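Here are some notes on the structure you sent, set out as numbered points. Please read them with the model open.

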Amino acid sequence: MSMRARAALVLLVFTASLARAGDAPRAVTLAAAASLRPVLPEVIEAFRGDSGAPAIEVSYGASGALRAQVEAGAPIDAVLFASPNEVDALVAKGLVDPSTRRSIATNTLVLIGPRQGPAVRFDSLASLPPGERIAIGDPRSVPAGRYAQQALTALGSWDALAPRFVLGADVAGVLAIVRRGEAAAGIVYETDARPFDDVRVLDRATGAWAPSVELVAAVVRGAPRSDEAARFLAFATSPRGRSIFTAHGFGPPRP
Amino acid sequence: MSGDPLFPIALSLRVAALAVALVGPPGIALAWLQARRRYPGRALVDALVLLPLVLPPTVVGYLLVVYFGRHGPIGRALDALFGARVVFTPAAAVVASAIVALPLLVKTAQPAIEAVPSELEEVGRSLGLGPTALFARVTLPAAWQGVIAALVLAFARAIGEFGATLMFAGNIPGRTNTMPLELYAAWQAGEEGRALLYAGVLSGVSLAVVLLAPRLAPRAQAFLERPRS
């Protein structure tokens with residue numbers, strides 16, 4: 001074999017090793033809503049400390065985008081989404097096991113703004129000066145954006161505000177835009193805004209018009225590490241797991 | 001929120017055309033400068049021109065937001081002077097696309113200008129043409145095919161800009177949602193049809209460009225060899 005062919009072979013084997021999925025036990029892989037980023041590492045640490053469980057890797061993103069990845073066959077063992085819709089869409093396609101579907105927490109939609117920005121409320125967003133933008137998640141793939149659409153539609157201002165929206169690819173994107181002061185207001189979850197003191201919560205979505213935000217998880221059907229994933233979900237909703245969610249500002253799961 | 005599926009196509013064509021119009025004149029001037037002049041710092045200018053080609057577009061986007069943002073030095077100055085905000089506007093998409101298109105433009109136009117025999121320019125100069133007239137009436141007519149190839153490649157690079165555009169122009173439906181942004185959003189939402197539409201249009205534009213550009217550039221070379229032999 002020539003030097004060049006040998007070098008090409010080594011390169012090929014090395015590249016293939018990066019894509020290897022089989023032999024060695026791979027970590028349990030979760031697909032989780034971006035809004036779980038502040039809390040999930042702590043839950044995982046508590047779970048692993050307890051049981052000496054295998055490593056857990058998390059891919060964070062917009063629940064809708066993660067749903068599309070699971071549909072495309074991404075190697076995911078369990079999903080933890082910011083809305084029941086995305087999980088139920090996977091149930092309907094037979095991609096997750098309905099018996100493992102469980103509510104893991106609830107959240108509250110909030111209106112945030114930069115610290116020195118104008119004080120507005122959900123029902124007075126139209127009073128923002130002309131040219132000021134409102135950051136929301138893309139309603140097509142980000143549950144927080146869809147909840148925002150529901151809230152503003154119920155308040156009757158969605159259509160009038162539509163030209164002002166700048167879309168984030170997930171709640172973290174929305175938060176980044178508001179933290180930099182590039183939008184005067186943004187709609188995220190209460191728990192997203194909590195860790196940051198350069199944004200302030202202008203209004204909380206409560207009352208008849210407010211959407212109820214529920215985080216729902218389920219195990220992917222036929223996933224290689226589905227048993228460990230199921231054990232992790234059970235831990236997340238155990239009293240111990242719940243206390244961590246509570247400490248980060250999440251509400252209790254739905255019965 | 002999905003909006004008119006044709007809007008991103010029209011917007012992308014417009015943004016790329018404006019980006020080429022914005023970066024074209026200074027880019028061609030830079031190509032001429034690098035082709036014809038030896039001056040201190042020339043290597044540095046060369047490196048700066050190439051930089052957007054090797055920098056990740058997210059770095060370009062981040063720097064643009066930092067400097068042109070509401071709290072950035074340029075952003076604050078523009079706001080104070082003209083009451084203008086660049087971030088999250090179609091103008092931001094044009095600027096981002098223009099920056100990433102610059103290296104391709106200069107590096108394609110430069111050899112075409114270098115290939116113009118300097119004797120031609122000397123004859124022009126001896127006939128009393130000033131530098132601008134010399135460039136417009138002698139150099140450019142001789143190098144035009146290479147320069148058009150450079151503009152076409154710059155257009156292709158501009159129309160495909162994603163990372164810097166997303167950060168600097170944002171995704172505002174009906175305003176800054178160019179084809180690459182809409183393709184990404186459609187993929188995230190699992191809207192295969194929409195994703196395919198933009199993938200198809202962008203692939204078509206790119207294919208047309210890579211077919212067209214080499215036809216222009218070598219012919220420019222061949223054209224230039226003739227008067228010499």
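1. Is the crossing of α2(B) and α5(B) left-handed or right-handed? The crossing of these two helices is left-handed. Note that the model is a predicted one, and this holds for every point below.

2. The two helices in question are α2 of chain B, residues 42-54, and α5 of chain B, residues 90-114. Their axes lie 7 Å apart and make an angle of about 120°. α2(B) is therefore oblique to α5(B), since the roughly perpendicular range runs from 65 to 115 degrees and roughly antiparallel begins over 145.

3. On the α2(B) side, the contact is made by Val49(B), Leu50(B), Pro52(B) and Leu53(B). α5(B) brings Ile99(B), Val100(B), Leu102(B), Pro103(B) and Val106(B) to it. By residue class, the contact of α2(B) with α5(B) consists of nine nonpolar residues, with no polar and no charged ones.

4. Chain B as a whole has 10 helices and zero strands. Its C-alpha atoms fill a box of roughly 60 × 40 × 25 Å along the principal axes. Of the 229 residues in chain B, 41% are buried. Among contacts in chain B with a separation of 6 or more, 75% are between residues 24 or more positions apart.

5. Chain A is assigned two domains: domain 1 covers 3-106 + 214-247, and domain 2 covers 109-204. Domain 1 is thus written as two segments of chain A. The C-alpha centres of the two domains of chain A are 28 Å apart.

6. Between these domains of chain A, 13 residues of domain 1 are in contact with 15 residues of domain 2. Helix α3 of chain A, residues 63-71, gives the largest share of the domain 1 side, with three residues. That side of domain 1 divides into six nonpolar, five polar and two charged residues.

7. Where the chains meet, 19 residues of chain A are in contact with 18 residues of chain B. On the chain A side, the elements giving two or more residues are α3 and β7 (165-168) of chain A. Which of them gives the largest share? That is α3(A), with five residues. α3(A) thus gives the largest share of the chain A side facing chain B, as well as of the domain 1 side facing domain 2 of chain A.

8. The residues of chain A that touch chain B are eight nonpolar, four polar and seven charged. For the contact of α2(B) with α5(B), by comparison, the count of charged residues is none.

Note on methods
Residues are numbered from 1 along each chain as its sequence is written. Chains are lettered from A and ligands numbered from 1 in the order in which they are written. This is a predicted model: local features need pLDDT of at least 70, side-chain atom pairs count only at pLDDT 80 or more; totals for chains, interfaces and linings use all residues. Axes are lines fitted to C-alpha atoms, for helices over the stretch in contact, and angles run from 0 to 180 degrees between N-to-C directions. Helices (H or I, at least four residues) and strands (E, at least two) are DSSP runs, numbered from the N terminus. Angles under 35 degrees count as roughly parallel, over 145 as roughly antiparallel, 65 to 115 as roughly perpendicular and the rest as oblique. A crossing is left-handed if the near helix is turned anticlockwise from the far one by less than a right angle, and right-handed if clockwise. Two residues are in contact if their C-beta atoms, placed from the backbone, lie within 7 Å. Ala, Val, Leu, Ile, Met, Phe, Trp, Tyr, Cys and Pro count as nonpolar, Asp, Glu, Lys and Arg as charged, and the others, Gly among them, as polar. Domain bounds come from an automatic or database domain assignment. A residue is buried if 20 or more other C-beta atoms lie within 10 Å of its own, exposed if 12 or fewer, and partly exposed in between; C-beta atoms are placed from the backbone.
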